[in-house]
Amino acid sequence: MLNLLTDSSSTSTGSSMIVLVIYIVIIGVAMYFFAVRPQKKEQKRMQALINSVEVGDTVLTTSGFYGVVIDLTDEDCIVEFGNNKNCRIPMKKSAISEVEKAGEES
């Protein structure tokens, strides 16, 4: 009789562990779809945006300034701000938040 009680409790403990593992897996999958996946999509979108920048494009920086790209390198670009032709500032490409192509109209 004592042996039957021991077997019953170990079976319920084993099944509860399986349920716990299933819950952890479900939570992990949910976190991936709600947190990691959208972040990776946004990173790919921003990388495509930065790669599409060309000389003459109007850009909006992350600090809110509009300017025209006048020179590009691998990591940096030189942006001319305002009507003053002497206001040319080198900046990282990663500081660009929006791009308007030279031929497009608003």
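Here is a short chat about the strands and the core of this predicted model.

Me: What makes S1 and S2 a pair of strands?

Reply: Two strands count as paired if there are at least two bridges between them. Strand S1 (residues 58–61) and strand S2 (residues 66–72) are joined by three bridges, so they qualify, and they run antiparallel. One of the bridges links Thr-58 to Val-68 in S2. The two strands form a hairpin with four residues between them, and Gly-64 in the turn has a positive phi of about 100°.

Me: How do you know that S1 also pairs with S5?

Reply: The same test of at least two bridges applies. S1 and strand S5 (residues 96–100) share four bridges in the antiparallel sense, so they pair as well. Val-59, for example, has Val-99 as its bridge partner in S5.

Me: Why are S4 and S5 said to stand at the edges of the sheet?

Reply: The open sheet has five strands in the order S4-S3-S2-S1-S5, with antiparallel pairing. S4 (88–92) and S5 each have a single partner strand, so one side of each has no neighbour in the sheet. From one strand to the next, the twist averages 40°.

Me: Why is the group that includes Val-53 and Ile-96 called a nonpolar core?

Reply: Such a core needs buried residues of nonpolar kinds, joined through side-chain atoms within 4.5 Å. Val-53, Val-59, Val-69, Cys-77, Val-79, Phe-81, Met-91 and Ile-96 make up the largest one, eight residues in all, so the name fits. Strand S3 (residues 76–81) gives the most to this core, with three residues.

Terms used. Residues are numbered from 1 along each chain as its sequence is written. This is a predicted model: local features need pLDDT of at least 70, side-chain atom pairs count only at pLDDT 80 or more; totals for chains, interfaces and linings use all residues. Side-chain values use heavy atoms; hydrogens and water are left out. Buried means under 20% relative accessible area, exposed over 50%, partly exposed in between (1.4 Å probe, protein chains only). Axes are lines fitted to C-alpha atoms, for helices over the stretch in contact, and angles run from 0 to 180 degrees between N-to-C directions.
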